[in-house]
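Q: Please take a close look at one part of this predicted model, a single buried helix and what surrounds it, and then follow its neighbours outwards into the rest of the assembly.

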Amino acid sequence: MARYLPLALLAIVVIVVQQIAQWSDATYYLTQLTMTAYYSLVIVGLCLLMGYAGQISLGHAGFFAIGGYLSAMLTTHDLMPYQGNALFKALGSLGLLVHQQDLFGASVLHVTPWAACIAAVLTAALIAFCLGIPVLKLKGHYLAMATLGFGIIIFRVALATPLFGEADGISEVPGFTLLPGLTVSGDFAARTSNYYIAWGMVLLTMLLLSQLIHSRIGRALRAIHGSEEAARAMGVDTARYKLQTFVLSAVLAAVAGVFLTHFNGGLGPSEAGIMKSVRYVAIVAIGGMANLWGALIMGVVLNFLSLRGFFGTYDDAVFGAILIVIMLFAPHGLLHRGILRELKNLFRKNGHGPA
Amino acid sequence: MAPELFVQYLMAGVTYGFIYAIVAIGFNIIYNTTGIINFAQGEFVMLGGMLAISLNGLVPLPVAIALAVAITMLIGALLEITFIRWLDRPSVLRMIIITIGLSILIREVALHVWGESVRALPYFSGNEITTIAVLGARVSPQILWVIGACSLMVGTLSLFFRYTLLGQEMRACAANRMAATLCGINPRNMVTFSFMLSAGIGALAGCVMSPITSTEYSIGTGLAIKGFTVAILGGLGNSMAAVAAGLLLGIIEAFSVSVLPLAFQDAIAITILLIILFVRPHGLFGRKDAAGLKEF
Amino acid sequence: MKKLLGKGLWKITAAAVCAASLIAPAVSRAETIKVGAILAVTGPAAFLGGPEARTLEMLTDEINAKGGIKGNKIQLIVKDSGGSPEKAISFAKQLIEEEKVFAIIGPSTSGETMKIKNIAEEGKTILLSCAAAEVIVNPVAKYVFKTPQKDDYAAQKIFETMKAMGISKIAAVSDNTGFGQAGKAQLAEAAPKFGIQILENEVYDSKATDLSALVAKLKANPNVQAVVNWSIVPAQSIIAKNMRQAGWTVPLFQSHGFGNIKYVEAAGAAAEGIIFPAGRLLIADQLPKNNPQKAVLLKYKKDYEGRFKEDVSTFGGHAYDAFEILSRAIEQAGTDREKVRTAIENMKGFVGTGGVFNFSPQDHNGLNIDSFAMLTVKNGKFVPYTVAAAGQPKKKK
């Protein structure tokens, strides 16, 4: 039962924060907390991959971008010219398309957000699956560079495709109505409900992941992280577990991309950039590799400050500095039980910290 | 294709090929002594160029370049001593993250010191519009400076590793760290030295290429990715193969312009990187069994 | 329930703002006016955001030293977006709701501006964008203005000049930034109107460090009479160098992005003879005495260069214009946001660095094609370009 305690605690904190914000007339904080929550989805997914399966990915912003860009493109691209096409007629009769009036009053035809979301997430999963098979055979630097290469390709595609708005990205993405009356959108009026949607998703994800790491899969992953050879010798199908984890974390990133894009009303190529991927890795590292809660907390704190412009023009510099300091002095992350002992050792042993 | 167009592409390719090769050799030198890929390698190139540009106003150009290289070497050594030397058998993942952190930090410091503007060193001989004819193609004399300086560096490095005591000690450390220690070599000093060396050659490359390509605070990442592709293509750790691989990539990129839209030029390197990683991770010129012995 | 509460709160705030605006007029109480700025001070668009942020800082100090606008001090809040739309969105909401700024200057790029256009509109906050794309003000949003000249004016101006020079077949190259892509589209659109054929069209990476292979490819087409390059730094200097090094002497046209003497320095001797459209800031001291902009331009140039020890650029000028338009409107209409908005919308004959602005409810940019002048580089300096004076451009090298 102990594993549900943090979840309950998180739920309470989420509600308390909202109530305090409401009370002190400072609900504007909820906007950035909502954005932070979606980034946290990427981070906990990456934490599962890095900390538990022991596989680094320097291309996770790519999956986020696949989700965000596909969903944004499908819900904003006008399909009117293809109206006569049999395929689109079929889609229309399935209720996957929606007629709207644009700013000029002309009638336009878009894919509904639900269909777009499913298509985007499935695409991300498929790409992760196809990419994962060859990539996860690699290790260390090779794996890092291959995933980085994947991230760069996605960035390039976003930057070079007119359909994705090239350097300007996609704007005026409509809200995503999950249920009647519950819409993911950046309207000032819908802020509180969006805060709960976002954090509800974080809670669900944490529930799912904490179940997972205590299951057979979680034990297998830890075995792989310890020693892949040993795990394989014990009959663990290492390739399959690694691939499953990779796809799951890609799906989480894509879902985050879809939702944040609808919440923000648009996105640009910076979401697919190398710095974004590095940031996700940095936050997982700072939170402690195999520490979902640590990653979540550090992700919320750092992203929230960053989104508020707290570090000014030193935003990236601060990330770089924190990253180095943590990796040097506390390679298991900032938030875990042994941190004090570790730091003490560090000074007692005259600089020879635990590796 | 007209012969002079062919030569024109070739010269562009060779120039870039050498620069990639120098970055790749920088990776290899550090990799060989430590097993680390230094993701901040591209930043050394940037630092060399930036320092030389700043110093150029104060001292004559050759002195400025020499000073810039020396300062970058010092920075390389300091980075190693401060951030890497005292770590006890760090994991690969940890080292990747530390060197990525260093690369971000150096870049951001450069941004706040030098600002966002693009700078360049003056041409070593002639000026921006001086051209010389090479087999019917017209190129800047600076291209010859780049090709000359880079081949000189490659030659000197191979002599250094083969014939000097220090070079031999470094190779010994790369081959077998334990055995080298038993022979009285201090591997930690060798690591520091390898950082200095790769910082130095990166900085020199940054100086000679600056008149052609200009220098700004953010050029490091792109070069590092190209350099890494070349290092992998040649086989990680093999510096001579890196030269061949660098030239190959540079020439492929230059000739791709005639068939592919230029926007895809950068994608070529990445595609090659992914293909080589999936199909032949030990590189074009490496041997699989040799690669298998190394730690990744 | 919570949703209702949120909605209610918003309504109350909105009502309060309305009420305040009813009470506020005529009474000119001294207060601090918060002005937000979302600029790409770092990141890939730092060449825009850097000078813009410094200009705003300078102007704010200047106005506050004089005692503010009618006694109202300005408090400037600069947010560095790094060119990322998601940060611009976050900052826009923060500035509007939390800081309750009077107006927002920026963002620096079109992509970011388009992401926050609706947010400013919904938050009823004046947005003075420093980005060029036409979509920012077309369709017109009530609260959204922009100060840079439209891209299509630049393209038209270039083609006008080409026509006068007797050039009809060109190569167009651009980089893959928003700026380059917008330019590429404008060139393609305007070319037929001027009877100009674009024979070669290439896009290169904005980080490209060598374009000699590209130049070789273009040069291989003997029909190309001129090259237009639409990009940001450093490629615009590199292409000039590579063309001259290849011994190719056709005229090189650049976009208005070339508007900084630093780029001329970077290209050195290769910059000689480059022709490009720009605001008149760069040739301020050479303007005739009767030019209405002369005084404004010289003052900005002197102040900026005196304070920051770097050459003035047209990008900083966009922020200058935005700030001056805002402060003039506040001077006219007081500290009521609605009135200031109306004052901007009806502002006529405002002399800025980018040209003479004449806003109207249909035109939230207020500049016409004459705000661009054609310039060229002579002996490392910008000078006005005249077709007659240039005579045979091929010999200019």
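A: The buried residues of helix α7 of chain C pack against elements of two chains: from chain B they meet α1 (3–34) and α10 (239–256), and from chain C itself they meet the strands β6 (169–175), β7 (197–204) and β8 (226–230) together with the helix α8 (235–245). This is a predicted model, and the description that follows should be read as an account of its coordinates. Helix α7(C) covers residues 212–219, and eight of its eight residues are buried, so the helix is largely enclosed by the rest of the structure. The buried residues are C:Ser212, C:Ala213, C:Leu214, C:Val215, C:Ala216, C:Lys217, C:Leu218 and C:Lys219, a list in which two lysines appear beside alanine, leucine, valine and serine.

Within this helix, C:Ala216 offers a convenient point from which to examine the surroundings. C:Ala216 has 26 other C-beta atoms within 10 Å and is therefore buried, the cut-off being 20 or more. Leaving aside residues up to four places away in sequence, C:Ala216 touches B:Leu5, B:Gln8 and B:Tyr9 of chain B as well as C:Ala246 of its own chain. C:Met243 lies 27 residues from C:Ala216 in sequence, while the C-alpha atoms of C:Ala216 and C:Met243 are 8.4 Å apart in space.

The chain to which this helix belongs can be described in the same terms. Chain C has 397 residues, of which 59% count as buried, and its secondary structure comes to 13 helices and 14 strands. Among the contacts in chain C with a separation of 6 or more, 68% join residues that are 24 or more positions apart.

Chain C also meets chain A, through 35 residues of chain C in contact with 34 residues of chain A. On the chain C side, α1 (2–23), β2 (74–80), α3 (85–98), α4 (110–122) and α6 (178–190) each supply at least two residues, and the largest share, ten residues, comes from α3(C). By class, this side of chain C has nine nonpolar, 14 polar and twelve charged residues.

Returning to the neighbours of α7(C), one of the chain B helices named above, α10(B), is itself packed against α9(B), at an angle of about 120° and with the two axes 8 Å apart. Helices α9(B) and α10(B) are therefore oblique to each other, and α9(B) passes α10(B) in a right-handed crossing. The contact is made by B:Thr229, B:Val230, B:Ala231, B:Leu233 and B:Gly234 of α9(B) and by B:Ala241, B:Ala242, B:Ala244, B:Ala245, B:Gly246 and B:Leu249 of α10(B); these residues divide into eight nonpolar, three polar and no charged.

Helix α9(B), residues 219–234, has a further partner in helix α2(B), residues 41–56, where the packing angle is about 130° and the axes are 7 Å apart. This pair is therefore oblique as well, and the crossing of α2(B) and α9(B) is right-handed. B:Gln41, B:Gly42, B:Glu43, B:Val45 and B:Met46 in α2(B) meet B:Ile219, B:Gly220, B:Thr221, B:Leu223, B:Ala224 and B:Gly227 in α9(B), and the residues of this contact divide into five nonpolar, five polar and one charged.

Some care is needed with chain B. Chain B averages a pLDDT of 87, and 96% of the residues score at least 70, but pLDDT stays under 50 over residues 292–296 of chain B, for which the model has six contacts beyond four places in sequence. Where pLDDT is low, the predicted coordinates should not be read in detail.

Chain B in turn meets chain A, with 32 residues of chain A in contact with 32 residues of chain B. On the chain A side, α6 (140–160), α11 (274–287) and α13 (315–329) each supply at least two residues, and α6(A) gives the most, with eleven residues. By class, this side of chain A has 23 nonpolar, six polar and three charged residues.

Chain A also holds a helix pair of its own, in which the axes of α5(A), residues 113–135, and α10(A), residues 238–264, come within 8 Å and cross at roughly 150°. Helices α5(A) and α10(A) are therefore roughly antiparallel to each other, and α5(A) passes α10(A) in a right-handed crossing.

Methods:
Residues numbered from 1 in each chain as written. Chains lettered and ligands numbered in written order. Predicted model: local features only at pLDDT ≥ 70, side-chain atom pairs only at ≥ 80, totals over all residues. Axes fitted to C-alpha atoms, helices over the stretch in contact; angles between N-to-C directions. Helix = DSSP H or I, 4+ residues; strand = E, 2+ residues; numbered from the N terminus. Parallel < 35°, antiparallel > 145°, perpendicular 65-115°, else oblique. Left-handed = near helix turned anticlockwise from the far one by under 90°. Contact = placed C-beta atoms within 7 Å. Nonpolar A, V, L, I, M, F, W, Y, C, P; charged D, E, K, R; others polar. pLDDT = per-residue confidence, 0-100. Buried ≥ 20, exposed ≤ 12 C-beta atoms within 10 Å, placed from the backbone.
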